[in-house]
Amino acid sequence: MIADVEMPVLECAVHWAVPSDEPHMRDLLDAGERDRYARFMRDEDKARFVTGRFLARTVLSEATGLPPGDIRFTTDCPHCGASHGKPRLPGHTLDFSLSHSADRVVLVLTDGPEVGVDVEQESDRDVDRLGEMVLSAPERDVLAALPADQRKRGFHAYWCRKEALLKATGHGLAAPMTAIHVSGPDEPAEVLSWDDDKAVSPVRLADLTPGPGYAASLAVLTDRPLKISEAGLTY
Ligand SMILES: CC(C)(COP(=O)(O)OP(=O)(O)OC[C@H]1O[C@@H](n2cnc3c(N)ncnc32)[C@H](O)[C@@H]1OP(=O)(O)O)[C@@H](O)C(=O)NCCC(=O)NCCS
């Protein structure tokens with residue numbers, strides 16, 4: 001008889017922050033990050049960027065023992081090699097992902113498997129038009145069947161699940177979202193199918209709790225059950 005092998009849970013530490021822009025946060029940016037900070041036109045974009053990198057350095061410092069000021073990220077793009085890809089901490093096995101939208105900044109850390117996170121403010125975008133670019137045909141049917149006042153929430157739930165997955169792989173929006181088919185907004189988050197040469201398996205998806213008016217999800221390239229802890233926001 002073959003005994004059931006229980007897979008160990010994978011801890012996913014989710015850290016939330018509200019954007020701010022303080023001198024002690026800017027002091028930790030490296031030269032490339034300072035250039036990028038300076039190029040943002042809007043103060044709110046500067047704050048989201050500096051808060052994300054500060055959160056990453058604070059959390060990674062605690063996880064690795066490195067002083068926050070010594071932490072340098074690589075951001076090599078898998079498509080063209082330029083430095084606008086997924087930030088990584090070279091020389092360490094842990095993985096992390098950052099996202100920001102309006103008044104939310106979020107970071108997720110795992111001890112190994114690739115992770116992606118996405119948070120989106122539920123804006124008044126034209127969800128029918130965007131649905132053509134983002135959703136598979138069955139997903140568009142599910143969205144169309146939702147009551148009118150639920151469709152914005154439904155669309156953003158789909159969006160976040162898919163973008164989290166594409167951030168875990170590092171492809172970002174360079175890969176087609178319509179090729180990914182995920183469960184409906186009112187069902188537990190999971191990838192049902194992925195019809196693309198960029199598809200990966202296994203994948204775990206989960207929705208997060210960003211508070212009213214936002215959607216957020218994470219994706220991890222693992223088959224281990226996830227144990228998610230969220231800190232930094234209380235709702
Ligand atoms: C990554 C991407 C999905 C982010 O979209 P967004 O909704 O605007 O932003 P989010 O706030 O959710 O995430 C931004 C963060 O994701 C991270 N990120 C950037 N590129 C990433 C990638 N390829 N994969 C995973 N994470 C990425 C960064 O931490 C970034 O924030 P920061 O630079 O302030 O630290 C989008 O910028 C994208 O698709 N980029 C890649 C496009 C590409 O590769 N084109 C081909 C170029 S040759």
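The following exchange between a colleague and a modeller concerns the predicted model shown above.

Colleague: What kind of model is this, and how are residues numbered?

Modeller: Residues are numbered from 1 along each chain as its sequence is written. The model is predicted: local features need pLDDT of at least 70, side-chain atom pairs count only at pLDDT 80 or more, and totals for chains, interfaces and linings use all residues.

Colleague: Which element gives the most residues to the shell around the ligand?

Modeller: A residue is near a molecule or strand if its C-beta atom, placed from the backbone, lies within 6 Å of it. Of the 21 residues around the ligand, the nearest are Lys86, Ser99, Lys167, Gly172 and Leu173. Two or more residues each come from helix 3 (43–64), strand 2 (95–101), strand 4 (115–121) and helix 6 (151–169), where helices (H or I, at least four residues) and strands (E, at least two) are DSSP runs numbered from the N terminus. The element that gives the most, with four residues, is strand 2.

Colleague: How many residues of each class make up the shell around the ligand?

Modeller: Ala, Val, Leu, Ile, Met, Phe, Trp, Tyr, Cys and Pro count as nonpolar, Asp, Glu, Lys and Arg as charged, and the others, Gly among them, as polar. On that basis the shell holds seven nonpolar, nine polar and five charged residues.

Colleague: Which residues are the bridge partners of Val14 in strand 9 and in strand 3?

Modeller: Two strands pair if DSSP finds at least two bridges between them. Strand 1 (residues 10–17) runs parallel to strand 9 (residues 226–231), joined by six bridges, and pairs with strand 3 (residues 104–110) in the antiparallel sense, also over six bridges. The partner of Val14 in strand 9 is Glu230, and in strand 3 the partner is Val108.

Colleague: How many of the residues of strand 1 are buried?

Modeller: A residue is buried if 20 or more other C-beta atoms lie within 10 Å of its own, exposed if 12 or fewer, and partly exposed in between, with C-beta atoms placed from the backbone. Leu10, in strand 1, counts as partly exposed because it has 19 C-beta neighbours inside 10 Å. Strand 1 is nevertheless mostly covered, and of its eight residues the number buried is six.

Colleague: Which element gives the largest share of the largest nonpolar core?

Modeller: A nonpolar core is a set of buried Ala, Val, Leu, Ile, Met, Phe, Trp, Tyr and Cys residues joined through C-beta atoms within 7 Å. The largest one has 49 residues, and those with the most contacts inside it are Val106, Val108, Leu165 and Leu218. In soluble globular proteins, nonpolar side chains tend to be buried together. The largest share of this core, nine residues, comes from helix 6.

Colleague: Is Leu109 buried or exposed?

Modeller: Leu109 is found in strand 3. Leaving aside neighbours within four places in sequence, Leu109 is in contact (C-beta atoms, placed from the backbone, within 7 Å) with Ala13, Val59, Ala63, Leu94 and Phe96. Because 20 other C-beta atoms lie within 10 Å, Leu109 is buried.

Colleague: Where is the residue of the turn with a positive phi in the hairpin of strand 7 and strand 8?

Modeller: Strand 7 (residues 204–207) pairs with strand 8 (residues 214–220) in the antiparallel sense over four bridges, and Leu205 stands opposite Ala219. Six residues lie between the two strands of the hairpin, and the turn residue with a positive phi, about 100°, is Gly211.

Colleague: Which peptide bond is cis?

Modeller: Most residues other than glycine have a negative phi, and most peptide bonds are trans. Pro202 is found in the loop between strand 6 (191–194) and strand 7. With omega near 0°, the cis bond is that from Ser201 to Pro202.

Colleague: What is the phi of Ala102?

Modeller: Ala102 is found in the loop between strand 2 and strand 3. Ala102 counts as partly exposed because it has 16 C-beta neighbours inside 10 Å. Its phi is positive although the residue is not glycine, with a value near 50°.

Colleague: How far apart are the end C-alpha atoms of residues 115–218?

Modeller: UniProt, in an unreviewed entry, lists residues 115–218 as "domain: 4'-phosphopantetheinyl transferase"; its positions are given in the numbering used here, feature names are shortened, and annotations may be inferred rather than shown by experiment. The span is 35% helix and 22% strand, and its end C-alpha atoms are separated by 7 Å.

Key: Two residues are in contact if their C-beta atoms, placed from the backbone, lie within 7 Å.
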